[in-house]
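Reader: Could you walk me through how the labels on this one were earned? I'd like the reasoning behind each.

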Amino acid sequence: IQRITHHYLYLIEIALTNIEIKIAAVHLQSEEEKEIYRIFNDTSTSYPAEKTIHRIFREQAERTPYHIAAIYNDIHLSFGELNQKSDQMAQQLYSIGITPGKIVPLIGEPSIEILVGILGILKSGAAFLPIDPGFPVHRIKYMLEDPNVNILVTDSKNFRFLQLEKERTEMFKKIKIINCQLLMAKEIPPGSCLANTPVSATSLA
């Protein structure tokens, strides 16, 4: 309230001292406020360009395997668990033909399942193509028409719908649909699912 009052009084002062000024030319932020915004928005940081995002994540998982990496509703995953689950996803993708440089569509809503999918796709060396499940069906079909698309990753919520589309749509029949939740439900012995795919910082599309 104090801030609004301050801005209101400032506008009155400007209007009384300069009747020709346009409202668009009036800046309500004080120099102090501008400095605060500048500091908060200065998010630039050094980034090791020779490393991939998932490599940086793996290094963090090795340093703090038991620290919580992600929380969604009542689901908690530690860095170690998320690393292992995404390793398994990458290994499965690689075993069915996904190689560095390919594009893998990803359909789902924000969740830990989708986080596992994103990391798994990146670890396989592929790039993910995010598709909003809220898009009209014809729009989703259009985005999947690429003849090079033969794998699709999704969450449990959209898996059944996509399976039904696969049964009644010719285009979908060539696509293998991977359910992230089924993958996450599997018990993974520590260190047994490391994805040894030949991925570098230049592999991703």
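Author: Below, each label is set against its cut-off, and bear in mind that this is a predicted model.

Reader: Fine. What does the secondary structure of the protein chain come to?

Author: Eight helices and six strands. Along the sequence the pattern reads α-α-α-β-β-α-β-α-β-α-β-α-β-α. Of the 205 residues, 36% count as buried.

Reader: Why is Asp87 called buried?

Author: Buried means under 20% relative accessible area. Asp87 comes in at 1%, so it counts as buried. Asp87 belongs to the buried residues of α4, a list that also includes Phe79, Leu82, Met89 and Leu93.

Reader: And what makes Phe159 buried?

Author: The cut-off again: Phe159 has 19% relative accessibility, which is under 20%, so it counts as buried. Phe159 sits in helix α7 (residues 156–168). Its C-alpha atom is 8.0 Å from that of Ile178, although the two are 19 residues apart along the chain.

Reader: How do you know that Asp87 and Arg58 form a salt bridge?

Author: The rule asks for a side-chain nitrogen of Lys or Arg within 4 Å of a carboxyl oxygen of Asp or Glu. For Asp87 and Arg58 the closest N and O atoms are 3.0 Å apart, so the pair qualifies. Asp87 lies in helix α4 and Arg58 in helix α3, so the pair ties together parts that are 29 residues apart in sequence. Arg58 has a relative accessibility of 18%, so Arg58 is buried as well.

Reader: What makes Arg55 and Glu59 a salt bridge?

Author: Their N to O distance is 3.4 Å, and that is within 4 Å, so they pass. Both lie in helix α3 (residues 53–63), four residues apart, about one turn of the helix. Salt bridges with shared partners also join Lys51, Arg55 and Glu59 into one network.

Reader: Why is Glu59 called partly exposed?

Author: Partly exposed is the range between the 20% and 50% cut-offs. Glu59 has 22% relative accessibility, so it falls in that range. Arg55, at 41%, is partly exposed too.

Reader: How many salt bridges are there in the whole structure?

Author: A search finds seven. One of them joins Glu35 to Arg38, with the closest N and O atoms 2.8 Å apart. These two are three residues apart in helix α2 (residues 31–41), so about one helical turn separates them.

Reader: What makes β1 and β2 a pair?

Author: Pairing takes at least two bridges. Four bridges join β1 to β2, so the requirement is met, and the two strands run antiparallel. Ala70 stands opposite Leu77 in β2. The two strands form a hairpin with two residues between them.

Reader: What is the phi of Asn73 in that turn?

Author: Positive, about 55 degrees, although Asn73 is not a glycine. Most residues other than glycine have a negative phi. Asn73 is also exposed: its relative accessible area is 63%, and the label needs over 50%.

Reader: Why are β4 and β6 called edge strands?

Author: Four strands form an open, parallel sheet in the order β4-β3-β5-β6. β4 (127–131) and β6 (176–179) each have a single partner strand, so one side of each is left without a neighbour in the sheet. The partner of β6 is β5 (residues 151–154), and those two pair in the parallel sense over four bridges. Ile151 stands opposite Lys176 there.

Key
Residues numbered from 1 in each chain as written. Predicted model: local features only at pLDDT ≥ 70, side-chain atom pairs only at ≥ 80, totals over all residues. Heavy atoms only, no water. Buried < 20%, exposed > 50% of the residue type's maximum accessible area, 1.4 Å probe, protein only.
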